[in-house]
Amino acid sequence: GGTPISDCGSLLVNGTRTMNISGFSAGTFHIWADYQGYTTAHAPSSSPTLVRSTSSAPTTTTLVSSGSPSAFGAPVTFTATVASAVGPTPSGTVRFLVNGSIVEYATLSGSVAVFTTSSMPPGTYNVQAVYEGTATVHNGSNSSVILHQVLEPTITITPAVPVLPGGAVGVAYSQTITPSGGAAPYSYDLTSGSLPPGLSLSPTGLAVTLSGIPTVPGLYDFGV
């Protein structure tokens with residue numbers, strides 16, 4: 001036996017009863033009609049079985065970001081929207097991929113899934129959303145790949161003047177150079193020129209200090 005569907009027991013009109021049925025899930029269904037008969041005039045009978053196969057509904061997935069480029073360390077949100085012209089509102093899970101690797105699983109809510117991150121290093125990334133679909137209702141689908149750029153951080157150095165306070169031979173000298181912006185920890189290097197003889201650079205917390213006792217007079221040009 002099968003499972004009765006709604007609208008059973010309806011009266012025939014000129015020997016015919018028509019039903020419109022929607023909402024089939026994906027799969028194969030065996031459908032037949034049972035006539036219950038009418039008093040002693042007509043005996044009960046059953047129709048031949050009709051085999052009906054249905055497939056999951058197609059979907060489309062779109063992906064947008066909250067804005068590219070974004071600043072390093074700033075949150076960026078990726079929003080995936082899954083649509084289907086057939087059946088109920090899509091549900092299930094969306095995978096977010098960055099450069100081909102899964103970075104987040106998010107559950108659809110009202111056909112929308114969201115992924116927010118502030119940990120992407122500076123660079124350019126290929127981002128995609130993949131809807132996994134549901135077993136019997138909706139097919140999965142992939143969004144187009146979008147490019148997202150994270151900018152290099154801007155670091156400000158204090159003191160910002162191009163000339164540091166002068167020192168004197170034989171007199172202890174100390175000048176702290178403090179960065180701001182970007183993300184700690186910071187690293188330091190002598191990028192050009194050479195330090196005055198007797199002085200050296202040493203980290204002090206998040207800053208770096210130029211200190212020592214100058215031994216040779218002169219004007220020294222260097223970059224840190």
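Okay, one definition before we start: when I say strand, I mean a DSSP run of E that is at least two residues long, and the strands are numbered from the N terminus. Also keep in mind that this is a predicted model.

Let's begin with a pocket. The second largest one has a volume of about 870 Å³. It's lined by 33 residues, and the ones closest to the centre are Pro162, Leu164, Leu210, Tyr220 and Phe222. What kind of residues make up that lining, by class? Mostly nonpolar: 27 of them, against 5 polar and 1 charged. As for strands, β15, residues 173-180, and β19, residues 222-223, each put at least two residues into the lining. The largest share comes from β15, with 3 residues.

So hang on to β15, as it also sits in a sheet. That sheet is an open one of 4 strands, in the order β14-β15-β18-β17, with antiparallel pairing. Which strands stand at the edges? Those are β14, at 156-158, and β17, at 199-204; each has a single partner strand, so one side of each has no neighbour in the sheet. If you ignore direction, neighbouring strands here are turned by 25° against each other on average.

Inside that sheet, β15 runs antiparallel to β18, residues 207-212, and 5 bridges join the two. If you want to find the spot on screen, look for Thr176, whose bridge partner in β18 is Thr209.

Now, over to the aromatics. Searching the whole structure turns up 2 aromatic pairs. Take Phe78 and Phe115: their ring centres are 6.0 Å apart and the planes sit at 20°, so this pair is stacked. In sequence they're 37 residues apart, with Phe78 in strand β7, residues 76-83, and Phe115 in strand β10, residues 112-117, so to speak a link between distant parts of the chain. Phe78 and Phe115 are both buried.

The other pair is Phe96 with Phe115. Here the centres are 5.6 Å apart and the planes are at 40°, so we call the pair tilted. Phe96 belongs to strand β8 and Phe115 to strand β10, so this pair ties together parts 19 residues apart in sequence. Buried or exposed, then, for Phe96? Buried, because its relative accessibility is 0%, and the cut-off for buried is under 20%. Phe115 comes in at 8%, so that counts as buried too. Put the ring pairs together and you get a cluster of Phe78, Phe96 and Phe115.

What about the strands that carry these rings? Both β7 and β10 belong to an open sheet of 3 strands, ordered β5-β7-β10, again with antiparallel pairing. The edges are β5, residues 60-65, and β10; each has a single partner strand, so one side of each is left without a neighbour in the sheet. From one strand to the next, the twist averages 15°. Between β7 and β10 there are 6 bridges, in the antiparallel sense, and Val76 is the residue standing opposite Thr117 in β10.

That leaves β8, the strand with Phe96. β8 covers residues 93-98 and pairs antiparallel with β9, residues 101-107, over 6 bridges. Val94 stands opposite Ala106 in β9. How many residues lie between β8 and β9 in their hairpin? There are 2, and Asn99 in the turn has a positive phi of about 55°.

That's my tour, thanks.

Key:
Residues are numbered from 1 along each chain as its sequence is written. This is a predicted model: local features need pLDDT of at least 70, side-chain atom pairs count only at pLDDT 80 or more; totals for chains, interfaces and linings use all residues. Side-chain values use heavy atoms; hydrogens and water are left out. On a 1 Å grid over the protein atoms alone, a cavity is a set of points where a 1.4 Å probe fits but cannot get out, and a pocket is an open set with protein on both sides within 12 Å along at least five of seven lines; lining residues have an atom within 4 Å of a point. Grid points are joined across faces, edges and corners, and a volume is the space filled by probe spheres set on the points. Ala, Val, Leu, Ile, Met, Phe, Trp, Tyr, Cys and Pro count as nonpolar, Asp, Glu, Lys and Arg as charged, and the others, Gly among them, as polar. Two strands pair if DSSP finds at least two bridges between them. Axes are lines fitted to C-alpha atoms, for helices over the stretch in contact, and angles run from 0 to 180 degrees between N-to-C directions. Rings of Phe, Tyr and Trp (its six-membered ring) pair if their centres lie within 6.5 Å; planes under 30 degrees apart count as stacked, over 60 as edge-to-face and the rest as tilted. Buried means under 20% relative accessible area, exposed over 50%, partly exposed in between (1.4 Å probe, protein chains only).
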